[in-house]
Amino acid sequence: MKKHICMLSLLFFFATSAFSQDLAKLAMLDRVRGNQVNVVAVRDFTRRFGNPDEVSWFKTEDSFLAYGWRDGKKIIARYSRKGNWYYSTLVYPPSLLPKEVRDVIRRAWLDHTLTWVEEVSSREGSIYFVQLTDGKELLQVRCQQGGDPEVIKQLQLAKPKESNSAREGE
C-alpha cells in the first residue's frame, strides 16, 4: 500500500511539469518523417543535441516538436514552421545537473535527496526544476543558474499505517 501511495503522489507531482505536458501533446500529434520537417529545425536540433537516439518529429498546427534521447537525457525541442527554435526541455538524473546548481540546492536542503531534474531552456536562458525528497515530503524547486532556489510545490507523503500485528506486540 505504501508503494502505491508514493507512486500516486509521484504521478500527481509530475503531472504539471512542462515535460509531461509536452509528452501528453505528443500522443495527440501527427508523427512526421525528418524529411517533412523544415531543414533549419533539423540542423538546429542536431547542432544543439548532437545525434540523439530514436529521434521522432511531430507536427502541430503551428510548429514542430522533436523528441529523442541523448546521454541519459530525454529531449523535447519545439520549433516554428520556419525552423526557429522556441525552447527545449531536458529530463535527466540529478548526477547530470550542473555542479553549481546542484551545490546551491544541496546547501538549502541538506537532508533531502535529489531525485529528478527537468531543464527548460529558451532564448532567455535555462531554468532547472528539481525534485527532492526526505521520505516525508516531495519538493519541487525552481532554480536559475546564479539565482536562489525557490520551492514551487510541496507534497506531504502519506505515513505508512501500522499493521495490526505491530500493534499487538506493544
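Trainee: What makes the contact of Arg78 and Asp62 a salt bridge?
Mentor: In this predicted model, the side chains of Arg78 and Asp62 come to 3.6 Å, N to O. The cut-off for a side-chain nitrogen of Arg and a carboxyl oxygen of Asp is 4 Å, so the pair at 3.6 Å counts as a salt bridge.

Trainee: Why is this pair said to tie together parts of the chain?
Mentor: Arg78 belongs to strand E4, while Asp62 sits in the loop between E2 and strand E3 (63-70). The two are 16 residues apart in sequence, so the salt bridge ties those parts together.

Trainee: Is Arg78 buried or exposed, and how do you know?
Mentor: Arg78 has a relative accessible area of 15%. Buried means under 20%, so Arg78 is buried. Asp62 has 47%, which lies between 20% and 50%, so Asp62 is partly exposed.

Trainee: How many salt bridges are there by this rule?
Mentor: The count comes to 6 salt bridges. Among them is the one between Arg48 and Asp44, with the closest N and O atoms 2.6 Å apart.

Trainee: Where do Arg48 and Asp44 lie?
Mentor: Both are in helix H3, 4 residues apart, which is about one turn of the helix. Asp44 has a relative accessible area of 11%, under the limit of 20%, so Asp44 is buried. Arg48, at 33%, falls between the two limits and so counts as partly exposed.

Trainee: What about Lys99 and Asp103, and what makes Lys99 exposed?
Mentor: Lys99 forms a salt bridge with Asp103, the closest N and O atoms being 2.8 Å apart. Both lie in helix H4 (residues 99-108), again 4 residues apart and about one turn of the helix. Exposed means over 50%, and Lys99 has 52% relative accessibility, so the term applies. Asp103, at 25%, is partly exposed.

Trainee: Which residues are joined into one network by salt bridges that share partners?
Mentor: Asp44, Arg47 and Arg48 are joined in that way.

Trainee: Turning to rings, how many aromatic pairs are counted?
Mentor: The count is 3 aromatic pairs. One of them is Phe45 with Phe49: the ring centres are 5.0 Å apart and the planes stand at 55°. The centres are within 6.5 Å, so the rings pair, and 55° is neither under 30 nor over 60, so the pair is tilted.

Trainee: Why are Phe45 and Phe49 separated by about one helical turn?
Mentor: They are 4 residues apart in helix H3 (residues 39-49), and that spacing is about one helical turn. Phe45 and Phe49 are both buried.

Trainee: Why is the pair of Trp57 and Tyr79 called tilted?
Mentor: Their planes are at 45°, between the limits of 30 and 60 degrees, so the pair is tilted. The ring centres are 6.0 Å apart, within the 6.5 Å cut-off, so the rings count as a pair.

Trainee: What parts of the chain does that pair link?
Mentor: Trp57 is in strand E2 (residues 53-59) and Tyr79 in strand E4 (residues 73-80), 22 residues apart. Trp57 and Tyr79 are both buried. Phe45, Phe49, Trp57 and Tyr79 form one aromatic cluster.

Trainee: What makes Lys73 a charge over the face of Tyr92?
Mentor: Lys73 is 4.7 Å from the ring centre of Tyr92 and lies over the face. The distance limit is 6 Å, so 4.7 Å satisfies that part of the rule. Arg81 lies over the face of Phe64, at 5.2 Å from the ring centre.

Trainee: How are the strands ordered in the sheet?
Mentor: The sheet is open, has 9 strands in the order E1-E2-E3-E4-E5-E6-E7-E8-E9, and pairs antiparallel. Strand E1 (30-32) and strand E9 (150-156) are the edge strands, since each pairs on one side only.

Trainee: What makes E6 and E7 a pair of strands?
Mentor: Two strands pair if there are at least two bridges between them, and 9 bridges join strand E6 (residues 113-122) to strand E7 (residues 125-133), so they pair. These strands form a hairpin with 2 residues between them. Glu119 has Tyr128 in E7 as its bridge partner, and Tyr128 also stands opposite Cys143 in E8.

Key:
Residues are numbered from 1 along each chain as its sequence is written. This is a predicted model: local features need pLDDT of at least 70, side-chain atom pairs count only at pLDDT 80 or more; totals for chains, interfaces and linings use all residues. Side-chain values use heavy atoms; hydrogens and water are left out. Buried means under 20% relative accessible area, exposed over 50%, partly exposed in between (1.4 Å probe, protein chains only). A charge sits over a ring if NZ of Lys or CZ of Arg is within 6 Å of the ring centre and within 35 degrees of the ring normal.
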